[in-house]
Amino acid sequence: MLHTRTTPAERRKDLRARLASGRLVRMPGAVNPYAAKLIQEHGFEAAYLSGGVLAAELCLPDIGLTTATEIAARAQQVTRVTDLPVLIDADTGFGAPLNAARSTQLFEDAGLAGMHLEDQIAVKRCGHLDGKTLVPTADMVRRVRAAADARRDPGFLLMARTDARGVEGLAAAIDRAKAYVDAGADAVFPEALLDEAEFEAFRKAVDVPLLANMTEFGKGPLLTTAALENLGYNIALYPVTFFRLAMGAVEEGLATLAAEGTQESLVPRMQTRSRLYEVLGYEEYAAFDSAVFDFRLPPGV
């Protein structure tokens with residue numbers, strides 16, 4: 001009721017233990033705090049906050065327009081309701097290395113289990129689009145080192161994302177990843193790998209936990225969890241899946257309402273009121289204050 005039962009330190013420890021176990025961590029993207037609670041209820045091991053989704057929620061493109069404080073505020077809302085470790089997309093660190101350092105501490109304070117920084121320039125773009133521009137390796141090393149030095153809880157996971165595969169090639173992406181690990185990154189997110197052979201090559205070359213981005217409409221294949229585990233990856237990420245599903249349902253609902261003049265045909269596809277109240281924990285609140293929940297819903301509502 002009201003908040004999670006675990007501490008940020010416990011959730012960070014949990015994430016690191018899972019990464020060390022050799023088992024794949026399935027990490028769906030949370031559209032909002034409610035979705036984060038559903039992710040936990042459905043048995044997933046962690047949740048993710050996508051920078052692209054957080055921008056889209058504000059009806060902004062994913063080109064670096066959001067701020068660290070906006071993202072941290074949303075993160076705190078999510079970590080309040082789930083006992084799962086939550087990883088956040090910190091884009092390019094929201095500015096200079098000093099901004100990356102401040103972002104690290106903001107995200108620690110927000111209760112997150114970790115964050116990832118990428119090596120694009122500040123005016124960034126989706127990792128699966130062409131035309132990306134990278135900062136020099138030395139600049140990204142400074143970005144990573146600043147974040148690592150600013151970290152107060154050693155359990156907070158610092159991940160480096162490299163977008164170099166689509167710009168400089170696979171070998172350069174591997175070289176960059178190794179430099180970022182040397183600078184203090186605990187894990188690596190190789191963006192936009194093209195096929196299983198590239199996933200395998202990256203795993204053989206880089207000896208830290210690796211994240212596989214299973215985003216839809218991207219450059220790479222949508223691999224199964226079994227395939228990713230066999231390849232030795234540690235995290236399977238589904239960053240925008242449930243935002244796309246939710247917004248698709250909203251558009252279909254709007255079209256139906258406009259065409260039919262009523263939502264009646266949509267009702268069987270809706271989450272019921274009783275399920276909504278179950279997820280929100282109305283009865284737990286009732287145990288605290290009976291004036292909050294002193295009614296019974298009729299069956300099937």
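This briefing covers the nonpolar cores, empty spaces, ring contacts and selected backbone features of one structure. The model is predicted. Its largest nonpolar core holds 34 residues, and a second, separate core holds 22. The largest pocket encloses about 710 Å³, while the search for cavities of 30 Å³ or more returns one.

**Nonpolar cores**

- Within the 34-residue core, the members that touch the most other members are L49, I88, F107, L112, M115, L117 and V144.
- Helices and strands both feed this core: α2 (33-41), α4 (68-79), α5 (97-109) and α6 (137-150) each give at least two residues, as do β2 (47-49), β3 (86-89), β4 (114-118) and β5 (157-162).
- The second core is separate from it, and its 22 residues include L134, V206, L223 and L231.
- As background, nonpolar side chains in soluble globular proteins tend to be buried together.

**Largest pocket**

- The space in the largest pocket comes to about 710 Å³.
- Its lining consists of 20 residues, and those nearest the pocket centre are L38, F242, A246, A249 and Q271.
- Helix α11 (241-260) is among the elements that supply at least two lining residues, as is α2.
- The largest share of the lining, six residues, belongs to α11.
- By residue class, the lining has 14 nonpolar members, five polar and one charged.

**Largest cavity**

- Empty space of this kind is revealed by rolling a probe the size of a water molecule over the atoms.
- The whole structure contains one cavity of 30 Å³ or more.
- About 50 Å³ of space lies in the largest cavity.
- H128, P190, A192, L193, F199, N213, T215 and G220 line the largest cavity.
- This lining splits into four nonpolar and four polar residues, with no charged residue.

**Aromatic pairs and a charge over a ring**

- A pair of aromatic rings is described by the distance of the centres and the angle of the planes.
- There are three aromatic pairs, counted on ring centres within 6.5 Å.
- F94 and F107 form an edge-to-face pair, because their ring planes stand at 75° with the centres 6.3 Å apart.
- F94 sits in the loop between β3 and α5 while F107 belongs to helix α5, so this pair ties together parts 13 residues apart in sequence.
- Both partners are buried: F94 has a relative accessible area of 19%, and F107 has one of 0%.
- F107 is also listed among the residues that touch the most other members of the largest core.
- The rings of Y277 and Y282 have centres 4.2 Å apart and planes at 45°, so this pair counts as tilted.
- Y277 is buried at 18% relative accessible area, whereas Y282 is partly exposed at 25%.
- Apart from the ring pairs, R161 places its charged end over the ring of F189, 5.4 Å from the ring centre.

**Positive phi outside glycine**

- Most residues other than glycine have a negative phi, and most peptide bonds are trans.
- C59 has a positive phi near 60° and is not a glycine.
- C59 lies in the loop between α3 (51-57) and α4, and is exposed with a relative accessible area of 72%.
- A192 likewise has a positive phi, about 60°, without being a glycine.
- A192 lies in the loop between β6 (187-190) and α9 (196-205).
- With a relative accessibility of 4%, A192 counts as buried because the limit is under 20%.
- A192 is also one of the residues that line the largest cavity.

**Sequence separation and spatial distance**

- F44 is in the loop between α2 and β2 and is partly exposed, with a relative accessible area of 24%.
- From F44 to A56 the C-alpha distance is 24 Å, across a separation of twelve residues in sequence.
- R26 belongs to strand β1 (residues 25-28) and is partly exposed, with a relative accessible area of 26%.
- R26 and R12 are 14 residues apart in sequence, and their C-alpha atoms are 16 Å apart in space.

Conventions:
Residues numbered from 1 in each chain as written. Predicted model: local features only at pLDDT ≥ 70, side-chain atom pairs only at ≥ 80, totals over all residues. Heavy atoms only, no water. Core = buried A, V, L, I, M, F, W, Y, C linked by side-chain atoms within 4.5 Å. Buried < 20%, exposed > 50% of the residue type's maximum accessible area, 1.4 Å probe, protein only. Helix = DSSP H or I, 4+ residues; strand = E, 2+ residues; numbered from the N terminus. 1 Å grid on protein atoms, 1.4 Å probe; cavity = no way out; pocket = protein on both sides within 12 Å on 5 of 7 lines; lining within 4 Å. Points joined across faces, edges and corners; volume = space filled by probe spheres on them. Nonpolar A, V, L, I, M, F, W, Y, C, P; charged D, E, K, R; others polar. Phe/Tyr/Trp six-rings, centres within 6.5 Å; stacked < 30°, edge-to-face > 60°. Lys NZ or Arg CZ within 6 Å of the ring centre and 35° of its normal.
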